[in-house]
Amino acid sequence: MPEPVPADKPEGGDAPPADGDSEDGGEGESTELTGLFVEKPPDNVVVITGSEATFIAKVDSTTLTRKPVMKWLKGKWMDLGSKAGKHMQFKETYDRNTKIYTYEMKITKVIPGDAGGYRCEVTAKDKCDSCTFEITVEAAQQEQQADILSAFKRADAGEDEGDLDFSALLKATKKRKKPEEEKPEIDVWELLKNAHPSEYEKIAFQYGITDLRGMLKRLKKMHAPEPKHCEAFLKKLESCYSVDKGKKIVLTCEVVDPNVQVKWLKNGQEIKPSAKYVMEANGNIRTLTINRTTLADDAAYECVVGDDKSFTEVFVKEPPVTITKLMDDYHVVVGERVEFEIEVSEEGAHVMWFFEDTELHKDKDSKFRFKKDGKKHTLIIPEATLEDIGMYHAWTNGGHTKGELEVEEKQLEVLQDIADLTVKATDQAIFKCEVSDDKVTGKWFKDGVEVLPSDRIKMTHIGRFHRLIIDDVKPEDAGDYTFVPDGYALSLSAKLNFLEIKIDYVPRQDPPKIHLDTTGNMVSQNTIIVVAGNKLRLDVEITGEPAPTVVWSKGDKVITEGEGRVRVESRKDLSCFVIEGAEREDEGNYSICVTNPAGEDKANLFIKIVDVPDPPENVKCTKVGEDTATIIWDAPKFDGGAPIKGYLMERKKKGSSRWTKLNFDVYDSTTYEAKRMIEGILYEMRVFAVNSIGLSPPSLTSKPFMPIAPTSEPTRLTVHDVTDSTCSLKWLAPEKIGAGGLDGYVIEYCKDGDTEWVVANQELCERQGFVVRGLPVGEKINFRVVAVNIAGRSPPALLAQPVTIREIMEHPKIRLPRELRTKYIRKVGDKINLVVPFQGKPRPVATWYKDGQPVDPKMVNVRNSNVDTILFIRSAEREHSGTYELVLQIENLEDRATVVIRIVEKPGPPRNVKVTDVWGFNAALEWEAPKDDGNCEITGYTIQKADQKTKEWFTIYEHNRRPNCTASDLIMGNTYQFRVFSENLCGLSEDAGVSKNTAVIAKTGLQMKAANYKEKDMSCVPKFTQPLVDRCVVAGYSTAISCAVRAFPKPKIIWMKNKMIIGEDPKFLMQNNQGVLTLKIRKPSTFDGGMYSCRAVNDLGQDEVECRLDVKIFTEAPKE
């Protein structure tokens, strides 16, 4: 396994450590840190708030087998790739020539939250590299010194979340901030130097330093003594390692004594061998393998040999934690409990909570409570106040969500008042009331004196209902009873009347008499109102002698039950009609009939059951705006027997389970406009009906709707053309379109002075232009255009003044293009497309003529429009040449234009080529012009000669304009033949004219005598005149080694590396220039170092030279 080589760390130790060698527990492969960067971002960058910042990194891929993967990180673990958007942009380019990848990170409108430490990391299969840099953000137009503590403070601002700006919608209605007091600047490092180590954490918390480990590392370097020479280690542990959570990491060092025993420590505690910690010794190599790393393994490690120690740090990178369940909005009243709950992708994840721009801490803000339950994280506000209004945020290292809290003053509503009671002795009296808040407590008073519970008197509080129960009523219980809710200036009063039973002496033959009490529940004569679910006990006094018989009936049905929910109880001189838990079916006409031998009496009653109303129906959204929605619904089918007081509305985001109240006061209309909504988010609504009895069940949830605003009005509406019955309009798209998009346009018109607009297009027009047809001639017409999307119609775009519908007479005029005013020349086979614009109203008639005759439609295609005419020839031929005339007519007016077209091709060969004279080494040629000149002028001739022996043709003249020439410098004793090509605008002719006769160059009587000399022997054994020289080069930069050899015959050259012949490796280029031998090595790595030798061999012997090549990795010197 290769030894892990971590990236260089900048001095100061405040930047996050670069990724070290970490192995995948499944594959067991290691990642090597190598110098892949050709260009890195600067170490420290100072940026002004609101400006743009661009950072560039370049990677050389010549030695990589796969495409490299680049990651931009902020701090220790925040991957910025998930934050790409309008605020932060990433770009990647590739140069094929240099094989260099260029990566760019651009931050637009820099904010203070962008300050901090950054890291760019590149990986490619088994290689990786990383570099760190720091960004300091300064206020605009102010010069500030870089604060060294900024490297250890957490950035509070979030990243950009999309193109839509909802910040204006989400601002809290009430927000109070205390002014910050200016504090004198304190040198924290001086405090830390002089403080005891136990005080470090306190000082870091006081001055907002959250990266305590980085601070301690920097402080340690400030106190670090001079390094001592180590006797026990040949190679110590690297300064730091980095590994992903769940992977394994191998720590390796090399000791002097192969038999020595070592100890491994973690944070000063000795590590025992286990399945997690595997310790190995292989010769001088000592390794510690940590399997399945967790955040607990993020610590300092030591390898101890006697008194010598080797230190390192392991950084465990936590994978990004995403938010799976978003935060809901809350709408509560003062004192109500609020729980913001989210769910994350992993248990035990770190979640940061913010109120507006302030981070919330458990110790710092005792008002807030934080709860963790597996993947659920909850922010709890036990009792909400008006100061808590605002936006709350939850951040993880891979996600962000927010929710709005709205708090209103507590308002208590009486849903059911206390009713007066009239009871008899020994009966039970129950006072009951209902308020809107089920958490409200209260006290009961009688005639101003607080009522205390006893064996007869009981007070209950269940939900919204408060009851006072008095058993075995006595005369002293009569009086005024009052219920006072705690914390509210409100009281509910009722009266308890005690009914005394008087028995008068009557004769024994007294006809029966019904004594019906009309007080209590009687709202009118013989009508009793009962709240559904309550108990009705109607005691009716009966007199008569002898005792009469009592019969109760509902309608025609006699009630005889003595037990059950509806029953009749009989006592002496008293008949009791009881309904337990009144229901709607119990409503109706009841009668009581008493009879005895002396007669009978009868009384009729109507019992009315009142209840909470049915839920409203047909809740739906009829209109939406940018942040509003209009909701309508139908009143309940049954109002509960009491008039509807109004309605309460609630809304929620689709997919959420948290409903938010929209009104605390009863709303009396069936149309409601919901406000402060977010454009582009789906919402659902439900409605409650309220009467004097209480709150109805909720209505069915409305269909999801989305607040979307119509577009703004179309822009730059203009009139393009007008005829006797049409008007052509053009316009531009609206400036603001929004989330609803744009479906099309509606064009409307009306006569000047009228108010009735007529729609011109039956279907939406998608283009930004339209021709309105069927308009009356001579009328003044107003036009307007409306943009339409899913939210409805936009405001109209109007013309500044009406348009008169009348054809504008304009003389015909041909606008002949400049290139057609001269002779138009094209080659055979070319495509001809002549577009000639013209003017004229009404529409002119365009006609083409060729040589005085109308053009043949089989040879030429003509297409005419309102503004131009097109002459089209798909494939030009010689017969298309000629003079074309365009005639433009409007009634008796016309205009003409002429276009001369010439179609040319290559000429034919010259004629009658012949040799007219031969003298010395010269020959005279003549010929005649070709029969076919290709329909254009002959520009010259090309003359070639050929020897009868070789039959190879050589050009002796080009572009010769005359039909004759003289061939010179001919060779004695040879016979020559000549040929001539003609040339015009299209090029040389396909065939040549060949001379009918030849030119013979006669020999003269001269003879050459060869000189007598002895040829010198040049044979030589290979001998290197210049040897190879040892070299040391930098990795990644191409180099070459050279030597010189002398030998004859020409020797064979063999290059070797470490006595191994270098084959056809594309990395090496071998050259031999006149005995100078060069071996070029392209971008060498450390593996290319070694002994290189060059051997020269021929038939006489051989010679060899060698040198040593060292390849070193370039490292930057540490900065002061």
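Among contacts in the chain between residues at least 6 apart in sequence, what percentage join residues at least 24 apart? The share is 64%. The model described here is predicted.

The chain holds 1120 residues, and 41% of them are buried. Its secondary structure consists of four helices and 89 strands. The exposed area comes to about 63,700 Å², with 49% of that supplied by carbon and sulfur atoms.

The largest nonpolar core has 27 residues. The members that touch the most others in this core are Phe37, Phe55, Met70, Trp72, Met105 and Ile135. At least two core residues come from each of the strands in this table.

| Strand | Residues |
|---|---|
| S3 | 44–48 |
| S4 | 53–60 |
| S5 | 69–74 |
| S8 | 100–107 |
| S9 | 116–124 |
| S10 | 127–138 |

Leaving aside residues up to four places away in sequence, Met105 touches Ala53, Thr54, Phe55, Trp72, Leu80, Met88, Gln89, Phe90, Tyr118 and Phe133. A second core, separate from the largest one, has 24 residues, including Phe340, Trp353, Leu379 and Ile381.

Further along the chain, strand S72 covers residues 911–919 and strand S73 covers residues 922–928. The two strands run antiparallel and are joined by six bridges. Together S72 and S73 make a hairpin, with two residues between them. In the turn, Gly920 has a positive phi of about 55°. Trp919 stands opposite Asn922, a residue of S73.

Notes. Residues numbered from 1 in each chain as written. Predicted model: local features only at pLDDT ≥ 70, side-chain atom pairs only at ≥ 80, totals over all residues. Heavy atoms only, no water. Buried < 20%, exposed > 50% of the residue type's maximum accessible area, 1.4 Å probe, protein only. Contact = heavy atoms within 4.5 Å. Areas by Shrake-Rupley, 256 points an atom, 1.4 Å probe, with all protein chains shown as cover. Pairing = 2+ DSSP bridges. Core = buried A, V, L, I, M, F, W, Y, C linked by side-chain atoms within 4.5 Å.
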